[in-house]
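Please look at the sequence and the model shown below before reading on. The report goes from the contact between helices to the chain as a whole, and then to individual residues.

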Amino acid sequence: MKISVDISMYPLQEDYCQPILDFIARLEQNPDLTIARNSLSTQVFGDFDSVMKEMNQDMKEVLEKIPHSVFVLKIVGVDRSAAVIDACK
């Protein structure tokens, strides 16, 4: 089953940018995942098991290093990577 995940990470510390960039870079190293960045969140697309395994490992690593971090996830049970969003008209 393909899924789409919208994930935001909030390291509750002054130097918050680098941990976020490092987290995304680790996700991008997995060739089974498609990653899309924007200024508000990151989208991860791929097979459910691959996506969840990678995110589980990477989030655990972050929480071990920076326990005061928050992750916000939205998961959809389809691949929305090619979705075109039209403004409400």
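Which residues in α1 meet which residues in α2? In this predicted model, F23, R26 and L27 are the residues of α1 that meet α2, and their counterparts in α2 are E54, M55, D58, M59, E61 and V62. Sorted by class, the residues in this contact of α1 with α2 are five nonpolar and four charged, with no polar residue.

## Geometry of the helix pair

Helix α1 spans residues 17-28 and helix α2 spans residues 48-65, and their axes come within 10 Å, crossing at roughly 155°. Since angles over 145 degrees count as roughly antiparallel, α1 and α2 are therefore roughly antiparallel to each other. The handedness of the crossing of α1 and α2 is right-handed.

## The chain as a whole

The secondary structure of the chain consists of two helices and four strands, and, read from the N terminus, these elements follow the order β-α-β-β-α-β. Among contacts between residues at least 6 apart in sequence, 65% join residues that are at least 24 apart.

Taken along the principal axes, the box filled by the C-alpha atoms of the chain is roughly 40 × 35 × 20 Å. The radius of gyration of the chain is 13 Å, which agrees with the value near 12 Å that a compact globule of 89 residues would have. Of the 89 residues in the chain, 35% are buried.

## Two residues of strand β1

S4 is placed in strand β1, which covers residues 2-11, and V5 is found in strand β1 as well. S4 has a relative accessible area of 6% and therefore counts as buried, while V5, with a relative accessible area of 2%, is buried too.

Leaving out residues up to four places away in sequence, S4 touches V44, F45, K74, I75, V76, V78, D79, R80 and S81. One of these partners, K74, is 70 residues from S4 in sequence, and the C-alpha atoms of S4 and K74 are 8.1 Å apart in space. With the same exclusion, V5 touches T42, Q43, V44, V51, M55, L73, K74 and I75. M55 also belongs to the α2 residues that are met by α1. V62 is another α2 residue in that helix contact, and its C-alpha atom is separated by 18 Å from that of V5, the two residues being 57 apart along the chain.

## M52 and R80

M52 lies in helix α2, and its relative accessible area of 26% makes it partly exposed, since buried residues are those under 20%. When neighbours within four places in sequence are set aside, M52 is in contact with I3 and I75. E28 is 24 residues away from M52 in sequence, and the C-alpha atoms of M52 and E28 are 14 Å apart in space.

R80 is located in the segment after β4, the strand of residues 69-76. At 44% relative accessibility, R80 counts as partly exposed. Not counting residues up to four places away in sequence, R80 touches S4 and F45, and F45 is in turn among the residues that S4 touches. R80 and Y10 are 70 residues apart in sequence, with their C-alpha atoms 24 Å apart in space.

Methods. Residues numbered from 1 in each chain as written. Predicted model: local features only at pLDDT ≥ 70, side-chain atom pairs only at ≥ 80, totals over all residues. Heavy atoms only, no water. Axes fitted to C-alpha atoms, helices over the stretch in contact; angles between N-to-C directions. Parallel < 35°, antiparallel > 145°, perpendicular 65-115°, else oblique. Left-handed = near helix turned anticlockwise from the far one by under 90°. Contact = heavy atoms within 4.5 Å. Nonpolar A, V, L, I, M, F, W, Y, C, P; charged D, E, K, R; others polar. Rg over C-alpha atoms; globule rule 2.2 N^0.38 Å. Buried < 20%, exposed > 50% of the residue type's maximum accessible area, 1.4 Å probe, protein only.
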